[in-house]
Amino acid sequence: IACIGTGEGWPCLAAAIDAFRRKAVGWSMSGRMTEKPVADALGQAVGGESPPGDFSLAFHDDQGSQHASRAFRRRPESHGTAQFMSRLGNLWGNALAESFFRTPERELASGKGCKTGEEAKRDVFEYIEPYCNRQRMRSSIGCSAPCDLERDVA
């Protein structure tokens, strides 16, 4: 979860990232740091990606209270998705998410600053959908953009 500073407060961004394609397949923003944006991001990812429901899709998260809450722990299972958590204190356990959130935290939270939550949501959408998923090259996937890899593998 990343919090984006606005003139109205700090809305929180949660995202579900496909580890193979390095693509954000689900994301959600909320005015409070609860399990709701995390659950919404997972629901969006499952709805858009249509996993097989046989627990072959794994949802990896950190030890955050939003992921560990009783209300959220039932979510992955209801979608036929396995949930895994990093060991407490494992610095590399959540490296993919930390890398993904670094840019919006740095550029949106402390950069130009958004006046409203709606403005922050629009800026996050413009970062994730047209830029991050379609244009941004990633060395971890052969200097390709996630959508290019998706097309090439299909």
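## The chain as a whole

What percentage of the 154 residues of the protein chain count as buried? In this predicted model, the share that counts as buried is 40% of the 154 residues. The accessible surface of the protein chain comes to about 8800 Å², and 51% of that surface belongs to carbon and sulfur atoms.

The protein chain contains six helices and five strands, and when these are read along the sequence they follow the pattern β-β-β-α-β-α-α-β-α-α-α. Among the contacts in the protein chain with a separation of 6 or more, 56% are accounted for by residues 24 or more positions apart.

## The nonpolar cores

In soluble globular proteins, nonpolar side chains tend to be buried together. Here, the largest nonpolar core has 15 residues, and those that touch the most other members are Leu 13, Trp 27, Met 29, Phe 100, Phe 101, Val 124 and Ile 128. Strand E3 (23–30), helix H4 (95–112) and helix H5 are the elements that give two or more residues to this core, and the largest share, five residues, comes from H5.

A second core, separate from this one, has seven residues, including Ala 14, Val 38, Leu 42 and Val 46.

## Pro 37 in helix H1

Pro 37 is found in helix H1, which covers residues 35–49. Is Pro 37 buried or exposed? Its relative accessibility is 1%, and because buried means under 20% relative accessible area, Pro 37 counts as buried.

Leaving out residues up to four places away in sequence, Pro 37 touches Ala 14, Ser 28, Ser 30 and Arg 32; one of these, Ala 14, is also a member of the second core. Pro 37 and Leu 13 are 24 residues apart in sequence, while the distance between them in space is 7.1 Å, C-alpha to C-alpha. Leu 13 itself is among the residues that touch the most other members of the largest core.

## Gly 117 in helix H5

Gly 117 lies in helix H5, which covers residues 117–132, and H5 is the helix that gives five residues to the largest core. The relative accessible area of Gly 117 is 21%, so this residue is partly exposed, as that term applies between the 20% limit for buried and the 50% limit for exposed.

Which residues does Gly 117 contact, leaving aside its neighbours within four places in sequence? They are Thr 6, Glu 8 and Pro 11. Gly 117 and Trp 10 are 107 residues apart in sequence, and their C-alpha atoms are 8.0 Å apart in space.

Note on methods
Residues are numbered from 1 along each chain as its sequence is written. This is a predicted model: local features need pLDDT of at least 70, side-chain atom pairs count only at pLDDT 80 or more; totals for chains, interfaces and linings use all residues. Side-chain values use heavy atoms; hydrogens and water are left out. Helices (H or I, at least four residues) and strands (E, at least two) are DSSP runs, numbered from the N terminus. Buried means under 20% relative accessible area, exposed over 50%, partly exposed in between (1.4 Å probe, protein chains only). Contact means heavy atoms within 4.5 Å. A nonpolar core is a set of buried Ala, Val, Leu, Ile, Met, Phe, Trp, Tyr and Cys residues joined through side-chain atoms within 4.5 Å. Accessible areas come from the Shrake-Rupley method with a 1.4 Å probe; for residues, only the protein chains shown count as cover.
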